[in-house]
Amino acid sequence: MTLDYTAMGFITFDCLGWPVTAIPEGGGTTFIDDLTLAVSGAAGTAAIAAAKMGLSCRAVGGVGPDMMGDWVLQRLNQFGIDTSAMQRRPGWRTSSSIVTTRPDGARPALHMKGATGDFFIDDDLAPQVIDARVVHFGGVGLMTRMDEGRNAELARRAQAAGAITTADIFAGSAADMPAVASILPYTDYFMPSIEEAHALTGRHDLEGTAAFFIDKGVRCCVFTLGQDGAYYHHQNGTRFTLPAYEVPVRCTCGCGDAFDAGFAVALIRGMDAETAVRFAQATAALNATGLGSQAGVEDFDATWAFMERTPLRRSPATLAAVA
Ligand SMILES: Nc1ncnc2c1ncn2[C@@H]1O[C@H](COP(=O)(O)OP(=O)(O)OP(=O)(O)O)[C@@H](O)[C@H]1O
Ligand SMILES: [Mg+2]
């Protein structure tokens, strides 16, 4: 296989400000301390964080013929990411967000959906796109054209070619289930946030929610639980919850996407399941220390050292979950 990692799907241009507590009244101005730009999204953040940690990466998605699209492509290239399968969609704007990060790191966003909904990988491009050791479908539910069966077909082909497939979603309710359900039989690691998993299934327990997806063909569920950590549930019976790391949080934007990148690095390096989840959470925690997706992620060695020295959070929810 030519590359380590393909991250396909939701790739956005983000403009982030910190700290924001309210939109000013009328036409007023509020002064803030920090402002930055980032390429974000379940595929964009994952590609950059993985590239920072040494994987050879390809980003696949859609941007518009606009300034945000220029910047997204330029930024991906700065990290050495292969953008040859990125598509400029005529008549579309680049998917973009204004992120108003609160003092506690929560990140309310104003999002314009854009070209993520319009890119399409045809049979000519498919072999190139799935030619990676790990093929990640990031933002299932937002890729309108790809979600109608095409993601499932590419995941099927990727697995048949010997790749490991991973998937993360953008789902608010059971209405997103058809797009997600189609890819599940061809997904080795399914990595949504627990809120999304609950919203999709209507279930509210960890084990039952994971069993639901495994019943639909997923090999392993890895649910992220925000500041409460992550839950791993493999069809082979391995199950555990691990707490998150104790970090000074600046912005949690892209934590789930950085987790996906860390998990891909762990798969490529052959880490065992618990180390993989710890490493993924270390990547996510470092992400939370900076403003803008993946800003706090440096490289593999720094993430590994962080993982070894940083204390874990012991929140009540985590203690209950591991009891
Ligand atoms: N406040 C926090 N402190 C430490 N770690 C955190 C915090 N918030 C999130 N994390 C880490 O990030 C991981 C992913 O977070 P979360 O479950 O919020 O993802 P998400 O909702 O999918 O995020 P995104 O929408 O950005 O993809 C968690 O498993 C945890 O390890
Ligand atoms: Mg997420």
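Start by selecting residues 96-100, which make up strand 7, together with strand 8 at 109-112. In this predicted model, the two strands run antiparallel to each other and are joined by 4 bridges. For a spot to zoom in on, pick Val99: across from it, in strand 8, sits Ala109.

Now widen the selection to the whole sheet. This is an open sheet of 4 strands, and you'll meet them in the order 3-2-7-8, with mixed pairing. Look at the edges, where strand 3 (34-40) and strand 8 stand. Each has a single partner strand, so one side of each has no neighbour in the sheet. Turn the view and follow the twist, which averages 15° from one strand to the next.

What packs on this sheet? Select residues 67-78 and you have helix 2, which touches strand 2 (12-18), strand 3 and strand 7. Compare directions while you're there: helix 2 makes about 75° with strand 3.

Next stop, ligand 1. Show its surroundings and you'll find 22 residues, the closest being Ser193, Thr224, Cys255, Gly256 and Ala284. Helix 8 (255-268) and helix 9 (273-288) are the elements that give two or more residues to this shell. Colour the shell by class and you get 12 nonpolar, 9 polar and 1 charged residues.

Finish on helix 9. Its 16 residues reach 23 Å from the first C-alpha to the last, close to the expected 22 Å. Is helix 9 largely enclosed or open? It is largely enclosed by the rest of the structure, because 13 of its 16 residues are buried.

Notes:
Residues numbered from 1 in each chain as written. Chains lettered and ligands numbered in written order. Predicted model: local features only at pLDDT ≥ 70, side-chain atom pairs only at ≥ 80, totals over all residues. Pairing = 2+ DSSP bridges. Axes fitted to C-alpha atoms, helices over the stretch in contact; angles between N-to-C directions. Contact = placed C-beta atoms within 7 Å. Near = placed C-beta within 6 Å. Nonpolar A, V, L, I, M, F, W, Y, C, P; charged D, E, K, R; others polar. Expected span 1.5 Å × (residues − 1). Buried ≥ 20, exposed ≤ 12 C-beta atoms within 10 Å, placed from the backbone.
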